[in-house]
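Trainee: I would like a close look at one charged side chain, and then at how comparable contacts elsewhere are placed. Please take it step by step.

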Amino acid sequence: MKELWFDPAEILIGGAWRKTERTLPVEDPSTGEVFAQIARGSAPEINAAATAAQSALEGDWGRMTATERGRILTRIGQLVETRVDDLALLESRDVGKPLTQARNDAVALARYMEFYGGAADKVMGETIPYLDGYTVYTLREPHGVTGHIVPWNYPMQIIGRSVGAALAMGNACVLKPAEEACLTALAFARLAEEAGLPKGALNVVTGLGEDAGAALSVHPDVNHISFTGSVPVGGLVQAAAAQNVVPVTLELGGKSPQLVFDDADLDAALPFLVGACIQNAGQTCSASSRVLVQRGVYDEVVARMGAAYDALRVGPAGVDLNVGPLISARQKEIVEEFLARGSDLRVAGRGQLTDVPDGGHYVTPTLFADVPPDHPLARDEVFGPVQVVIPFDTEEEAVQIANATDYGLVASIWTANGARQMRLAKRLRAGQVFINNYGAGGGVELPFGGIGKSGHGREKGFEALYGFSQLKTVAAKHG
């Protein structure tokens with residue numbers, strides 16, 4: 001395979017690339033064909049990786065200054081930039097993501113490394129005024145060994161915001177990528193080595209979640225876990241980590257709403273109303289799968305969104321159309337089950353499949369209108385290119401509908417009314433609220449995370465650095 005410049009059947013432990021006795025197939029979601037094999041690591045490999053990470057903390061990596069750590073992360077980012085096209089090809093083939101979207105993820109990975117490289121020596125403690133005769137100050141120190149369980153939908157971006165922040169704070173990492181999407185994680189590790197990252201500071205173990213992921217979650221030498229994925233698995237990870245009383249950052253599901261009021265700029269809103277759902281074939285935790293529209297513009301919004309859906313083209317990732325395949329046959333089944341549950345709803349728009357191979361995992365992007373707020377499609381996470389439009393009359397009704405799910409990841413408000421913008425930003429139950437935009441262009445600087453079943457803890461920005469550190473208070477009595 002021309003996209004590969006390394007052996008995908010190797011894992012990285014303590015600076016050494018090694019193979020495992022068993023392997024797992026790598027499937028191309030666009031065709032359903034197996035094109036490579038990855039290592040099937042399990043508890044012994046995770047144990048060796050945790051030991052290697054601890055050794056790194058006791059060695060060169062642990063003694064390195066924050067400035068030196070930052071320089072290495074910056075070099076990693078520069079190397080990622082030189083391989084953006086190669087990484088995009090890998091991600092596109094491995095995940096089924098259209099090439100343009102995969103390339104954006106590679107660029108984002110470079111940006112995360114650049115941001116955290118620059119931030120590494122800028123996380124500071126503070127002095128605290130206290131009693132006469134005391135000097136009190138705080139230090140921010142790494143947790144130690146951090147475990148990173150990364151999902152298949154945005155491997156590069158989540159490695160950047162998770163591993164990048166952890167390394168910047170001086171932690172040593174054990175990375176377990178999703179078994180469906182390991183290639184760019186392995187490629188990233190190669191680039192990190194090339195940039196001079198000391199042995200053991202980053203270890204990568206591929207394998208099944210129930211084997212390698214479970215072993216990492218419960219490992220007694222892991223001091224912090226970062227997990228992005230489904231709510232059920234997130235609960236299992238948190239329960240496992242609780243056995244060792246270690247903190248967990250969870251970024252889980254979402255059912256994110258966009259609220260469109262009568263005074264909204266519809267020309268500005270339309271690309272976000274549709275794009276925030278169909279990106280990555282809807283396989284995005286922060287996907288806006290609900291659009292709530294005030295009655296005065298409801299018919300117009302539905303018509304315009306429907307036309308945008310009708311214009312969507314679905315095809316193989318390498319063809320670089322609007323939407324690619326879903327990650328797996330199982331994910332396709334899940335989305336099709338949701339579509340069947342919407343058989344009683346009005347279809348306002350539907351994309352078109354374009355020369356798709358028979359073995360690929362494709363579904364047709366579908367927009368449903370006039371959806372009751374209590375319908376499963378309006379409450380449950382689909383994780384596919386399926387979107388609903390719900391009418392509302394008043395601001396109060398819009399808030400009630402928007403908050404009527406178990407999730408609270410992202411929300412967006414489209415209105416020219418400044419007072420309404422401020423009111424709703426406070427009232428909406430979400431970790432991020434966007435006003436007259438959605439996503440803010442990715443924003444590596446912007447803290448990201450949810451409430452409720454969307455998880456807890458924050459990634460991205462300086463908040464991630466705080467999360468990957470622990471605060472120590474020093475009180476010196478000197479008379």
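Trainee: What is the relative accessible area of Asp121?

Mentor: This is a predicted model, and every value below is computed from it. The relative accessible area of Asp121 is 33%. Buried means under 20% and exposed means over 50%, so Asp121 counts as partly exposed. Asp121 forms a salt bridge with Lys122, and the closest N and O atoms of the two are 2.8 Å apart. With a relative accessible area of 46%, Lys122 is partly exposed. The limit for exposed is over 50%, so Lys122 falls in the class between buried and exposed.

The structure holds 26 salt bridges, and some others can be set beside this one. Lys97 and Asp105 meet through their side chains in a salt bridge, at 2.5 Å from N to O. Here Lys97 is buried, and so is Asp105. In the salt bridge of Glu333 and Arg330 the N to O distance is 3.1 Å. Glu333 and Arg330 both lie in helix H12, which covers residues 329–341. They are three residues apart in that helix, or about one turn. The relative accessible area of Glu333 is 41%, which makes Glu333 partly exposed. Arg330, at 46%, is partly exposed. Salt bridges can also be linked into a network, as they are for Asp263, Glu395, Arg420 and Arg423.

One member of that network, Glu395, leads to the sheet, since helix H14 spans residues 395–402. Helix H14 lies across S12, S13 and strand S18 (386–392), and runs at about 150° to S18. These strands belong to an open sheet of seven strands with mixed pairing, in the order S15-S17-S18-S13-S12-S19-S20. The edges are formed by strand S15 (346–350) and strand S20 (432–435), each of which pairs on one side only. From one strand to the next, the twist averages 20°. Strand S12 (residues 257–260) and strand S13 (residues 290–294) run parallel and are joined by four bridges. Val260 has Val293 in S13 as its bridge partner.

Two loop residues attach to elements of this part. Most residues other than glycine have a negative phi. Ala281, by contrast, has a positive phi, near 55°. Ala281 is found in the loop between helix H10 (266–278) and S13. Its relative accessibility is 2%, so Ala281 counts as buried. Asp370 is not a glycine, yet it has a positive phi of about 60°. Asp370 is found in the loop between strand S17 (366–369) and helix H13 (376–379). The relative accessible area of Asp370 is 38%, so this residue is partly exposed.

The edge strand S20 (432–435) leads on to the aromatic pairs, because its residue range takes in position 434. A search of the whole structure finds 10 aromatic pairs. One of them joins Phe434 and Tyr438, whose ring centres are 6.0 Å apart and whose planes are at 45°, a tilted arrangement. Both of these residues, Phe434 and Tyr438, are buried. The rings of Phe462 and Tyr466 form a tilted pair, with 6.4 Å between the centres and 50° between the planes. Phe462 and Tyr466 both lie in helix H16 (residues 461–467), four residues apart, about one turn of the helix. Phe462 has 29% relative accessibility and so counts as partly exposed. Tyr466 has 33% and counts as partly exposed. Phe462 and Tyr466 form one aromatic cluster together with Tyr112, Phe115 and Tyr116.

Charged side chains also meet rings. The charged end of Arg190 sits over the ring of Trp17, at 3.8 Å from its centre. Arg83 lies over the face of Trp5, with 4.1 Å to the ring centre.

To return to the starting point, Asp121 is partly exposed at 33%, and its salt bridge partner is Lys122. Lys97 and Asp105 provide a contrast, as the two residues of that salt bridge are buried.

Notes:
Residues are numbered from 1 along each chain as its sequence is written. This is a predicted model: local features need pLDDT of at least 70, side-chain atom pairs count only at pLDDT 80 or more; totals for chains, interfaces and linings use all residues. Side-chain values use heavy atoms; hydrogens and water are left out. Two strands pair if DSSP finds at least two bridges between them. Axes are lines fitted to C-alpha atoms, for helices over the stretch in contact, and angles run from 0 to 180 degrees between N-to-C directions. Contact means heavy atoms within 4.5 Å. A salt bridge is a side-chain nitrogen of Lys or Arg within 4 Å of a carboxyl oxygen of Asp or Glu. Buried means under 20% relative accessible area, exposed over 50%, partly exposed in between (1.4 Å probe, protein chains only). Rings of Phe, Tyr and Trp (its six-membered ring) pair if their centres lie within 6.5 Å; planes under 30 degrees apart count as stacked, over 60 as edge-to-face and the rest as tilted. A charge sits over a ring if NZ of Lys or CZ of Arg is within 6 Å of the ring centre and within 35 degrees of the ring normal.
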